[in-house]
Structures are given as C-alpha cells and as structure tokens.
Amino acid sequence: MGLRFIGVDPDTGQQGSPTLWVDDTTGEIVVQGWKASEELAAECAANPAPGHAPGIPPHEAVVRIPARMVPMLREACDAAERLH
C-alpha cells in the first residue's frame with residue numbers, strides 16, 4: 001500500500017487534524033476525521049441509504065471532516081479517479 005498525502009485541515013493545529021490520503025494501490029480515498037457524536041451516528045444509522053439496512057456495521061464508522069477541506073477532498077477524488 002502506498003498512501004499519497006493530499007492534505008490536512010489547516011485550522012486544527014498539530015493535534016488530531018483531519019487528513020486525506022489516496023491509496024495509490026487501490027485508488028481508495030483514506031480519511032482521518034473527527035468522530036461523529038453519538039447523536040449524529042444515531043441519526044445516520046436511522047436514515048440509511050436507499051436499499052440499505054438501517055444501522056452502522058461494526059466495521060464502519062461515521063466521521064466528520066470540515067467543509068473547509070472540500071478542495072482537498074476534490075483533489076483526492078481526482079487523484080483516485082486517475083488511478084482507474
């Protein structure tokens with residue numbers, strides 16, 4: 001696995017900053033974000049995507065990234081798309 005660093009939230013300092021990478025092997029976007037509150041996770045679990053069962057599987061998590069990182073997320077999407 002080769003992770004390509006895309007960007008880090010510039011407003012969170014050096015402690016626990018939301019971060020984006022692209023896995024150059026799989027083309028997946030890798031996200032480090034803030035843990036969702038129990039309330040937000042419950043709301044997500046109660047409002048599943050169409051055709052999906054409610055709840056959040058044990059191997060998944062709800063994370064948040066700040067809107068100010070949208071340009072970095074676009075860059076990560078573009079980089080992942082170029083791999084496939």
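A salt bridge, as I use the term today, is a side-chain nitrogen of Lys or Arg within 4 Å of a carboxyl oxygen of Asp or Glu, and by this rule the count comes to three salt bridges. What you see is a predicted model, in which local features need pLDDT of at least 70 and side-chain atom pairs count only at pLDDT 80 or more, whereas totals for chains, interfaces and linings use all residues. Residues are numbered from 1 along each chain as its sequence is written, and side-chain values use heavy atoms, with hydrogens and water left out.

Let me begin with the sheet. Helices (H or I, at least four residues) and strands (E, at least two) are DSSP runs, numbered from the N terminus, and two strands pair if DSSP finds at least two bridges between them. Three strands form an open, antiparallel sheet in the order β1-β2-β3, with β1 (3-8) and β3 (29-32) as the edge strands, each pairing on one side only. Five bridges join β1 to β2, residues 19-23, and one of the bridge partners across this pair is L20 in β2, opposite G7. Helix α2 (residues 70-82) packs on the sheet and touches β1, β2 and β3, contact meaning heavy atoms within 4.5 Å.

Now to the salt bridges themselves. D24 and R4 meet at 2.6 Å, N to O; D24 lies in the loop between β2 and β3 and R4 in strand β1, so the pair ties together parts that are 20 residues apart in sequence.

The other part of the story is a network of salt bridges that links D9, D11 and R68. In the pair of D9 and R68, the closest N and O atoms are 2.6 Å apart, and in the pair of R68 and D11 they are 3.4 Å apart. D11 sits in the loop between β1 and β2, and R68 in the loop between β5 and α2, 57 residues apart.

Which member of this network is buried, taking buried as under 20% relative accessible area, exposed as over 50% and partly exposed as in between (1.4 Å probe, protein chains only)? D9 is buried, with a relative accessible area of 1%, while R68 is partly exposed at 39% and D11 is exposed at 56%.

Finally, the cysteines: with a disulfide taken as a pair of cysteine sulfur atoms within 2.5 Å, the structure holds zero disulfides, and the sulfur of C44 is 18 Å from the closest cysteine sulfur, in C77, which is too far for a bond.

Terms used: Axes are lines fitted to C-alpha atoms, for helices over the stretch in contact, and angles run from 0 to 180 degrees between N-to-C directions.
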